[in-house]
Amino acid sequence: MLEVKNLTKIYDDGTVALKNISFTVEDGEFLIIIGLSGSGKSTLLRCVNRLIDPTEGDIIWDGVNLAKLEGEELRKARRQIGMIFQHFNLVRRSSVMTNVLSGRLGYSPTFQTMMHQFKKSDREKAWQALERLGIEDQAFKRADELSGGQQQRVGIARALMQDPELILADEPVASLDPVLAHSILTYLERLNQEDEMTIVCSLHYLDLVQRYSTRVLGLREGEIVYRGTREEIRAMTDEEFQEIYGEQAQRVTGGLEGNLDEFGLGE
Amino acid sequence: MNHRKKPEQEERKPSLVPPYLAGLLSLVVPGLGQFLARTYRRGAILLGSFISLVGLMIWRIQLAGKRVEGALEIIQKAYRLRPILIVLTVLMVIFYLWIAYDAYLMAKRTKGTPLGLIFMVLIIFFIMGWQIGDINPVALVTDLDEAAGPLSEVLWPWERAVTYPEEEIVATMPIQVPCTESAPPDVPDYGEGEPRLEAEPRCGQLSEQGGETGTKITLHGENYLPGKTVNILWEDPIGNEFRARQGGEYVKVVPDENGEFTIDIILPYRLLPPSATEPFYIWDLKARQVTSLGAAQASKELKLAIEKIIETIFIGMMATFFGVIIALPVSFLAARNLMSANKFTLIIYYIARGIMNIVRSIEPLIWAVIALIVVGLGPFAGIIALTIHSIAALGKLYSEAIESIDPGPIEAVQATGANWAQTIMYGVVPQIIPPFVSFTIYRWDINIRMSTIIGMVGGGGIGFLLIQWMRLLDYKAAGIAIWFITITVAILDYVSAEIRERFV
């Protein structure tokens with residue numbers, strides 16, 4: 001269970017990114033955070049794995065306060081938390097394999113990894129992850145030779161290498177077209193349902209939110225302005241969505257949902 | 001933005017003086033009218049341009065009218081020698097009047113900013129530049145044929161790259177000077193098949209200056225190579241050798257198909273020193289044929305050029321090596337994203353950047369001259385000069401590469417629980433290696449190109465040879481050096497481009 005209590009983040013330049021935020025995520029949930037750019041979604045996600053240090057507040061994960069961790073303990077905690085990024089954040093000039101293996105760094109001795117040596121079991125694990133995401137034939141290509149959708153799958157594979165219990169996904173489909181967006185979210189859904197990983201994901205589009213979330217948080221200017229269950233969000237109209245979200249909210253494509261079989265993505 | 005605001009401002013603030021006064025004032029001090037019309041920048045530009053142009057005019061007229069007295073004479077001479085100065089003077093007068101008219105317009109607050117005057121400033125400066133630069137396209141075309149000779153030698157210098165071993169065919173015949181009672185020397189015993197030389201008579205009188213000509217000797221040679229010139233030489237009793245000269249020409253003879261020749265030689269004029277008290281002296285008469293035989297060999301120049309081009313390549317290589325080693329740590333100090341943590345590191349950043357910018361703006365040739373003072377002539381000075389410049393240039397390029405790395409992958413690697421070293425190895429290094437390699441090879445390329453000329457100031461390498469041969473007007477040898485430089489640079493250019501393409 002992830003418990004965020006009174007989380008506040010004020011940047012050095014005085015920008016208040018998060019204002020006293022509290023919420024809980026039960027194990028096995030698929031929590032989606034919605035909000036405009038600049039509403040604090042990314043800051044919130046990055047506070048959880050401490051890529052950004054929160055100014056105040058507690059983040060309790062499995063009984064440990066992540067907000068107070070330092071050094072070795074923080075790194076051990078980070079291993080349990082996979083992260084997926086909007087721009088994939090792959091090392092573009094490294095091979096897909098190297099990128100995926102880098103997900104294992106937290107578990108590997110420093111000296112060996114300096115020599116680019118990984119355990120045999122880690123390599124096998126990497127192959128399994130690549131197979132699972134259907135990109136095993138791309139393993140030795142350079143990351144930047146792959147298409148956007150494939151790169152994001154490499155990003156997921158890298159996160160899987162961590163054996164995570166929690167996955168943070170920072171707008172994982174914002175750089176992708178609608179078909180790929182569904183494809184990537186379907187993978188996340190499988191991780192959520194089959195592997196029972198907890199997922200905290202920020203998104204832009206109402207129909208994706210309706211399709212994948214089990215619970216929704218709405219964020220505006222660093223404050224939670226909406227909390228909804230799966231049922232509530234499914235019943236929501238575009239107008240209501242825009243009300244919490246602001247004018248710019250939009251659907252990906254009308255009618256795409258329900259036709260997923262055509263793209264070979266339905267189940 | 002600026003363009004729109006200007007007329008408004010001018011409307012808001014009226015001119016301090018009426019238009020005609022502004023014009024008159026600009027006749028007294030060009031630009032003053034514009035100042036008082038509150039078009040300050042325009043006034044400053046016009047005043048500055050006018051003063052500098054007048055200064056330049058005075059300088060050029062004095063230069064052209066050298067060595068005459070009186071201002072009027074100087075100007076007359078200058079105009080006669082350099083008619084372009086007349087054009088410039090006329091333009092300056094027009095310019096001067098136009099400034100006054102412009103001041104009138106400015107004070108009158110007409111809309112817009114007339115650009116004609118500024119255009120005129122540019123034209124006058126251009127013509128001035130033409131005059132100062134001594135630009136002469138006619139000479140470029142008409143004198144081109146004068147360059148043809150040296151140029152063709154430079155373009156195809158390879159005759160100079162080989163030499164053939166030379167063999168001398170020489171025979172000596174002693175001649176007694178003057179004739180006395182004692183018998184003149186015998187014809188020496190030449191070996192069978194050796195070149196031989198006989199003279200008749202074998203004694204005689206030297207020529208006198210302005211007086212009697214010396215004894216004529218008939219010289220007969222055998223066993224020489226047919227068809228190749230034979231030079232006739234004298235060796236006087238104290239061993240000085242000189243070529244025989246008759247009627248102002250050196251004496252030469254070409255043997256017939258049997259290798260024989262016959263020629264008349266007049267004994268030369270020589271001043272006898274007072275110490276010459278012997279009754280007679282023996283002079284040697286020589287007939288010498290020089291032939292090139294055997295296979296071609298690399299000439300001295302070719303060998304030197306090869307030695308020096310190797311030296312050149314290594315100067316460039318060592319400079320790059322030292323440059324990289326020092327630039328690597330320096331570049332981290334000059335990367336803003338790494339150094340903006342606090343004020344102290346930021347100060348270091350500015351210092352590092354500042355020093356690098358200054359060092360980089362000084363040419364390697366100047367660094368070489370400075371290094372020469374310290375370590376003396378030779379390749380080490382060149383290496384020092386190029387190293388200094390490489391540190392600054394590479395430091396800048398490296399630090400910019402560091403500044404432009406994508407923070408995304410670093411974040412992602414950190415998020416996996418990697419430690420600091422792992423983050424650097426997996427998030428930073430893969431991003432900076434390709435640009436670093438690319439810049440290093442590029443710099444190596446530049447350094448070798450620079451090292452070819454660093455020798456011109458004495459910094460070692462082939463540049464030294466080149467400048468030396470050029471000054472000796474040995475265009476063929478210089479051509480060899482130029483060819484070597486060109487080939488080396490071209491190969492390197494290709495190789496470096498190829499490697500960089502592979503890497504990035």
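This is a short tutorial dialogue on reading a few features of a predicted model.

Q: Let's start with helices. At what angle do H2 and H6 of chain B cross, and how close do their axes come?

A: The axes of helix H2 (residues 19-28) of chain B and helix H6 (residues 84-108) of chain B come within 7 Å, and they cross at roughly 150 degrees. Angles over 145 degrees count as roughly antiparallel, so H2(B) and H6(B) are roughly antiparallel to each other.

Q: Is that crossing left-handed or right-handed?

A: The crossing of H2(B) and H6(B) is right-handed. You can find the contact on the H2(B) side at Pro19(B), Tyr20(B), Ala22(B), Gly23(B), Leu25(B), Ser26(B) and Leu27(B). Residues on the H6(B) side include Ile99(B), Tyr101(B), Tyr104(B), Met106(B) and Lys108(B).

Q: Which classes of residue make up the contact of H2(B) with H6(B)?

A: Sorted by class, there are twelve nonpolar, two polar and one charged residues in this contact.

Q: Now for sheets. How do strands of a sheet pair?

A: The general idea is that backbone hydrogen bonds link the strands, which can pair parallel or antiparallel. Here, chain B has an open sheet of three strands in the order S3-S4-S10, and the pairing is antiparallel.

Q: Which strands stand at the edges of that sheet?

A: Those are S3 (196-200) and S10 (261-266) of chain B. Each has a single partner strand, so one side of each is left without a neighbour in the sheet. If you ignore direction, neighbouring strands of this sheet are turned by 25 degrees against each other on average.

Q: How many bridges join S3(B) to S4(B)?

A: Five bridges join S3(B) to strand S4 (residues 216-222) of chain B, and the two run antiparallel. To get your bearings, look for Arg196(B): it stands opposite Glu222(B) in S4(B).

Q: Next, the backbone. What is the usual case for phi and for peptide bonds?

A: Phi is negative for most residues other than glycine, and most peptide bonds are trans. Let's look at some exceptions, starting with the peptide bonds. The bond from Val177(B) to Pro178(B) is cis, with omega near -15 degrees. Pro178(B) is in the loop between strand S2 (166-177) and S3 of chain B. Another cis bond runs from Glu200(B) to Pro201(B), with omega near -10 degrees, and Pro201(B) is in the loop between S3 and S4 of chain B.

Q: And where do I find a positive phi in a residue that is not a glycine?

A: Try Asp163(A), with a phi of about 50 degrees. Asp163(A) lies in the loop between helix H6 (148-160) and strand S7 (166-170) of chain A. Arg38(B) also has a positive phi, about 65 degrees, and its place is the loop between helix H3 (32-36) and helix H4 (40-64) of chain B.

Q: Why does Asp163(A) count as partly exposed?

A: Count the C-beta neighbours: Asp163(A) has 15 inside 10 Å, so it counts as partly exposed. Arg38(B) is partly exposed too, with 19 other C-beta atoms within 10 Å; a residue needs 20 or more to be buried.

Q: Last one: how many residues does each chain give to the contact between A and B?

A: Chain B gives 19 residues and chain A gives 22. On the chain B side, helix H15 (407-415) and helix H16 (420-454) give two or more residues, and H16(B) has the largest share, eight residues. By class, this side of chain B has ten nonpolar, eight polar and one charged residues.

How values were computed:
Residues numbered from 1 in each chain as written. Chains lettered and ligands numbered in written order. Predicted model: local features only at pLDDT ≥ 70, side-chain atom pairs only at ≥ 80, totals over all residues. Axes fitted to C-alpha atoms, helices over the stretch in contact; angles between N-to-C directions. Helix = DSSP H or I, 4+ residues; strand = E, 2+ residues; numbered from the N terminus. Parallel < 35°, antiparallel > 145°, perpendicular 65-115°, else oblique. Left-handed = near helix turned anticlockwise from the far one by under 90°. Contact = placed C-beta atoms within 7 Å. Nonpolar A, V, L, I, M, F, W, Y, C, P; charged D, E, K, R; others polar. Pairing = 2+ DSSP bridges. Buried ≥ 20, exposed ≤ 12 C-beta atoms within 10 Å, placed from the backbone.
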